[in-house]
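Please open the model in your viewer and keep the selection panel at hand, since each stop of this tour begins with something to pick out.

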Amino acid sequence: MSELSCPNCGAPVPIINKASVYAVCSSCKTLSLKKDVNLEKIGTAGELADDHSIIQLGTQGNYKGTPFRVLGRIQLKFELGFWNEWHLMEGDGSSAWLGEAQGSYYYTKLNVGIPTEKIPTLEGDEDPIVIASGRRERITPGDSFYLGENWTLKEIMKATCIGGEGELPIGFQTGYEAILLDLASEDGMFGTLDYSESPALLFSGSFAPLEELHLTGIRQEEVAYNQTQIPAKSIECKGCGASINQFSPDFSKSLACEYCGSVMDTESDDLKIIAKFDQVSRDNVLLPLGTPIKLPNFPESKVIGVLRKSTEVDDETYTWTDYLLRYKGGYAWLNENGDNWTYFEPLPGVPKWAPGLKRVFQKRSYKWFANSDSNTDFALGEFYWKVSAGEKAQIEDFISPPYMISSERTDKELFWSKGEFIPFDTMKSAVPLDTASKLRKPEIVGVCEPNPFKNRLKRNLWVAAALTAVFLVFQIYGCIKAKNQVVYQGKFKYVQTSVPNTDIGSANFRDNSFVTDVFELKGETTENVEIQIEAPNLDNKYLFFSAVLINEDTDTAYDTSIETSYYHGVDDGESWSEGSKSDSKSLAEIPPGRYYLRLESQSDFPVGWGSEYSVKIVRDVMSPAPFFLFSIFLWLPLIYTFFRSYSFESKRV
Amino acid sequence: MWNFLKGLVYPFFAASLGLGFFSEYTKGGASTDFEEVNQVPKTVRQNPGIYRSHYAWFTRNFPGGK
């Protein structure tokens with residue numbers, strides 16, 4: 001480390017990194033250029049705004065295994081407030097930058113691998129036109145660039161340099177304005193095209209969660225993300241004089257009065273009014289400002305801002321409410337739409353497109369759900385940007401219940417967030433009792449509410465498919481294993497002996513029962529017997545048989561009945577038929593032994609008429625009926641569940 | 001809790017069908033709508049009309065032959 005003297009006041013100016021070219025005197029804010037072993041004054045750095053950053057010169061950290069030390073910073077101001085570009089020296093002496101804005105951190109390095117002719121040039125300050133690869137076009141967030149990587153434009157901003165401190169590899173001028181384009185890649189990378197130099201400089205890197213920076217030597221330990229936050233302060237509204245609370249002075253940039261709708265810039269001490277909402281209503285604001293939120297799996301937070309938004313679809317206005325939550329080290333949103341709750345967190349990067357109008361983020365595929373415009377109707381409380389009345393944005397939602405990803409696009413910014421559905425009971429238990437008592441149970445289906453029928457259908461499909469497969473395997477095995485042994489065959493002729501419908505046993509009834517020869521059933525007691533009857537000449541008649549299998553030795557009878565009936569004809573020019581000329585009946589678990597079959601028949605033939613028929617008795621048969629019967633019953637409820645699932649999906653709003 | 005229990009309805013239903021299938025499978029898929037009758041008259045071989053079935057809307061009886 002070398003120590004040079006300030007050319008203005010003579011105070012010592014330590015230079016830690018040999019690569020540092022510029023330095024700001026901590027005593028008199030003189031900006032100097034390093035020349036050999038001297039410093040040459042080139043300007044004066046402006047007064048830095050107190051932005052309550054936890055980082056300071058000398059803070060050390062380690063990001064993804066690379067140790068670094070904070071040597072300097074440039075502070076810039078843009079539409080949403082201040083942000084810092086902290087100049088870091090890594091362990092090997094190389095330079096890196098840590099961007100800090102709205103509680104988010106971006107670790108980037110100057111990308112020197114891009115040929116300068118490939119870097120788009122810019123024309124104009126307002127609505128800049130980018131000239132890239134010979135094309136001139138007005139750019140908007142969501143547009144893509146290829147600069148060694150597919151980048152999507154997230155934000156266009158005009159930044160004003162406030163000042164700087166410490167040692168820096170580049171110079172700056174207080175009050176200097178530059179256009180910056182924030183980029184994000186589908187792989188989660190973050191980049192900035194900085195037009196403060198020509199050609200523009202591309203800084204690329206990644207979003208760095210605070211806990212992954214492993215910072216030590218931070219400023220004001222008590223404001224660190226894991227320590228106490230700066231206490232709330234009371235502010236007098238410049239519009240109506242009401243006393244209103246600013247819950248997160250270290251974070252918020254504007255404050256909207258909940259009584260008169262005046263929006264004040266809280267970055268300036270004079271609290272000037274920067275916007276005013278025509279209407280302010282606390283009706284249906286279910287979570288009042290300051291409400292603590294304790295949702296499982298999310299950090300404890302507090303409601304600091306409320307936005308009521310609306311959109312018009314087919315002449316109908318739909319409204320919803322966004323609650324800005326502030327927690328130690330970050331912020332999130334709770335969205336209330338039709339009494340359904342969704343917790344949203346900012347999403348680094350731009351989710352990838354996938355076939356079928358889907359987006360993929362962290363290996364999860366999200367299906368396109370809706371596009372809509374949104375209008376900010378009114379705001380209450382404080383926000384990390386300067387809220388203005390009538391803010392408009394285009395919203396695009398993709399869902400994968402219980403999650404969804406959502407993009408909000410304005411002329412200047414593309415903001416992605418990831419939401420998770422919060423069940424009503426969870427939401428009720430996350431807020432104080434008096435607030436919970438005012439929450440209403442949703443009557444409509446939430447945008448990313450998990451479909452209980454879909455999950456059930458999926459699970460039941462697996463159960464049904466697995467069981468059907470098991471049934472099939474057993475059925476095939478049973479068919480292969482069955483002996484199908486024919487133990488008796490006989491041909492007979494039925495002749496009507498009594499007038500049809502004569503009472504059996506009455507005086508006019510002429511019995512036609514007979515028995516077959518004796519046959520032997522071999523095998524096990526568990527084996528079955530099938531009696532098959534076929535009457536091939538049956539025509540518009542029936543033959544009913546009372547069949548009894550009788551064991552000759554034990555005098556045990558197995559009673560059953562078999563009916564063959566076949567009718568056909570033509571009605572209104574349409575031919576029809578019903579019944580069958582054959583039928584069979586299986587008798588389960590018939591013990592082995594010597595048997596004969598007793599048959600008694602009835603029919604609707606006229607007296608003296610009849611039909612031939614054959615009888616076959618088969619031992620150990622495997623019927624396909626159980627497989628089909630049980631499989632059908634197995635799949636029937638799934639049809640019902642499918643329709644319930646479909647109905648649930650169609651109710652999503 | 002109630003949703004959890006509702007989710008179990010189909011698995012129980014499937015399990016009962018599985019048991020039903022195996023019960024039928026062990027019998028070769030044989031329908032079991034027959035009645036076992038013990039000690040039928042030995043003379044049925046010689047006089048089939050002595051034994052009457054209970055089927056076809058009338059009850060079994062043993063009228064004692066033709």
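## Where the chains pair

Select V37(B) to begin: in β1(B), this residue is the bridge partner of A557(A). Bear in mind throughout that the model is a predicted one. Widening the selection to the whole of strand β40 (residues 557–571) of chain A together with β1(B), you will find that the two pair in the antiparallel sense, over 3 bridges.

## Chain B by itself

Now show chain B alone, which holds 2 helices and 1 strand, arranged from the N terminus on in the order α-α-β. Of its 66 residues, 39% count as buried. If you draw the contacts in chain B between residues at least 6 apart in sequence, 3% of them join residues at least 24 apart.

## The interface of chain B and chain A

Bring chain A back and select the residues that touch across the two chains: 43 residues of chain B are in contact with 57 residues of chain A. The area buried between them is about 4000 Å², with carbon and sulfur atoms giving 62% of that area. On the side of chain B, colour Y10(B), F21(B) and R45(B), which lose the most area to chain A and together account for 19% of what that side buries.

Stay with R45(B) and add E552(A), because the two form a salt bridge in which the closest N and O atoms are 3.9 Å apart, inside the 4 Å limit of the rule. The rule finds 2 salt bridges across this interface, and it also finds 16 residue pairs in polar contact, with both residues at pLDDT 80 or more.

Next, select by element: α1 (2–7), α2 (9–26) and β1 (35–37) of chain B each give two or more residues to the side that touches chain A. The largest share, 12 residues, comes from α2(B). Coloured by class, the side of chain B that touches chain A shows 18 nonpolar, 14 polar and 11 charged residues.

## A stop within chain A

Finally, move to helix α3 (residues 452–481) of chain A and select T468(A), which is found there. Is T468(A) buried or exposed? T468(A) counts as buried, because its relative accessibility is 16% and the cut-off is under 20%. Display W635(A) as well, and you will see that the side chains of T468(A) and W635(A) make a polar contact at 2.9 Å. Leaving aside neighbours within four places in sequence, T468(A) is in contact with F627(A), S631(A), L634(A) and W635(A), so this group makes a suitable last selection.

Definitions and conventions. Residues numbered from 1 in each chain as written. Chains lettered and ligands numbered in written order. Predicted model: local features only at pLDDT ≥ 70, side-chain atom pairs only at ≥ 80, totals over all residues. Heavy atoms only, no water. Contact = heavy atoms within 4.5 Å. Buried area = accessible area lost by both parts, 1.4 Å probe. Salt bridge = Lys/Arg side-chain N within 4 Å of Asp/Glu carboxyl O. Polar contact = N/O pair within 3.5 Å; in protein donor to acceptor, adjacent residues only side chain to side chain. Helix = DSSP H or I, 4+ residues; strand = E, 2+ residues; numbered from the N terminus. Nonpolar A, V, L, I, M, F, W, Y, C, P; charged D, E, K, R; others polar. Pairing = 2+ DSSP bridges. Buried < 20%, exposed > 50% of the residue type's maximum accessible area, 1.4 Å probe, protein only.
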